[in-house]
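Here are my notes for someone opening this one up for the first time. Have the structure on screen as you read, and take the points in order.

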Amino acid sequence: MQGKQKTKKFAAMKRMISLKDQRISKYPSCLFFQYNTQLGPPYHILVDTNFINFSIKAKLDIVQSMMDCLYAKCIPYITDCVMAEIEKLGMKYRVALRIAKDPRFERLPCTHKGTYADDCLVQRHKCYILATVDRDLKRRVRKIPGVPIMYISNHRYNIERMPDDYGAPRF
């Protein structure tokens, strides 16, 4: 009885991923290093609607608490769609609207249609820290390499995925 012998394939070429593969998304190369190279003081922080509302509930001054968290100057940014979301919430959230219109907040114009802010915030990730308490938005942003997320816990701001090189606090 003679069985078939298995032969090894020599010099087999590894399969290469084509450029049209869905796994390759179009993220800038700066985000693929150990950390985002475009981040640095003064920090530019994109603020979400929920972040403002939860900051009010926790009685936190947004700009001061950001600086306490990062030990550097912070510039909060608010997009037109986040502003529209706060305006839609009505009189109950007029304090949030007053905070969003603070002159220390920089405005970012939006070019897309509609007022769904989450999609807009996910697309603007290159040199911003995203400040949110929304679980779904955090989950979406974690899939993007190199984008730090600021959130609220224990009545203070914390940050996740911030590079050690910038001296970000570790709790």
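**Notes on the model**

1. Start with how far to trust it. This is a predicted model, and the protein chain averages a pLDDT of 76, with 70% of the residues scoring at least 70. In the protein chain, confidence is highest in helix H1 (residues 49-57), at a mean of 89, and lowest in helix H5 (residues 117-123), at 78. Go carefully with residues 165-171: pLDDT stays under 50 there, and the model has 18 contacts beyond four places in sequence for them.

2. Next, the overall layout. The protein chain has six helices and six strands. If you walk along the sequence, they come in the pattern β-α-α-β-α-α-β-α-β-α-β-β. Take the contacts between residues at least 6 apart in sequence: 63% of them join residues at least 24 apart.

3. What about inside and outside? Of the 171 residues in the protein chain, 42% are buried. The chain exposes about 11,800 Å², and carbon and sulfur atoms supply 53% of that area.

4. Now look at helix H2, residues 62-70. Which residues are buried in H2? They are Ile 62, Val 63, Ser 65, Met 66, Cys 69 and Leu 70. These sit on the same side of H2, because they cover an arc of only 165 degrees around the axis. The general rule helps here: an α-helix has 3.6 residues a turn, so residues three or four places apart point the same way. Just after H2, Tyr 71 takes a positive phi of about 55 degrees.

5. Ser 65 deserves a look of its own. Ser 65 lies in helix H2 and counts as buried, with 11% relative accessibility. Setting aside neighbours within four places in sequence, Ser 65 is in contact with Leu 60 and Tyr 157.

6. That brings us to the core. The largest nonpolar core has 47 residues, and those touching the most other members are Ile 45, Phe 51, Met 66, Leu 70, Met 150 and Tyr 157. H2 supplies the largest share of this core, five residues. For a feel of the packing, click on Met 150: not counting residues up to four places away in sequence, Met 150 touches residues including Ile 45, Phe 51, Met 66, Cys 69, Leu 70 and Tyr 157. Other residues that Met 150 touches include Ile 129, Leu 130, Ala 131 and Thr 132.

7. How many disulfides are there in the whole structure? A search finds zero. Why is Cys 69 not bonded to Cys 74? Cys 74 holds the closest cysteine sulfur to that of Cys 69, but the two are 7.7 Å apart, so they are too far for a bond; a disulfide would need the sulfur atoms within 2.5 Å. Cys 69 is buried, with a relative accessible area of 3%, and Cys 74 is buried as well, at 5%.

8. One last cysteine. Cys 127 is found in the loop between H5 and strand S4 (129-131). Is Cys 127 buried or partly exposed? Cys 127 is partly exposed, with a relative accessible area of 27%. Also check Leu 39: Cys 127 and Leu 39 are 88 residues apart in sequence, yet their C-alpha atoms are 5.6 Å apart in space.

Key. Residues numbered from 1 in each chain as written. Predicted model: local features only at pLDDT ≥ 70, side-chain atom pairs only at ≥ 80, totals over all residues. Heavy atoms only, no water. Buried < 20%, exposed > 50% of the residue type's maximum accessible area, 1.4 Å probe, protein only. Helix = DSSP H or I, 4+ residues; strand = E, 2+ residues; numbered from the N terminus. Arc of directions from axis to C-beta. Contact = heavy atoms within 4.5 Å. Areas by Shrake-Rupley, 256 points an atom, 1.4 Å probe, with all protein chains shown as cover. Core = buried A, V, L, I, M, F, W, Y, C linked by side-chain atoms within 4.5 Å. pLDDT = per-residue confidence, 0-100.
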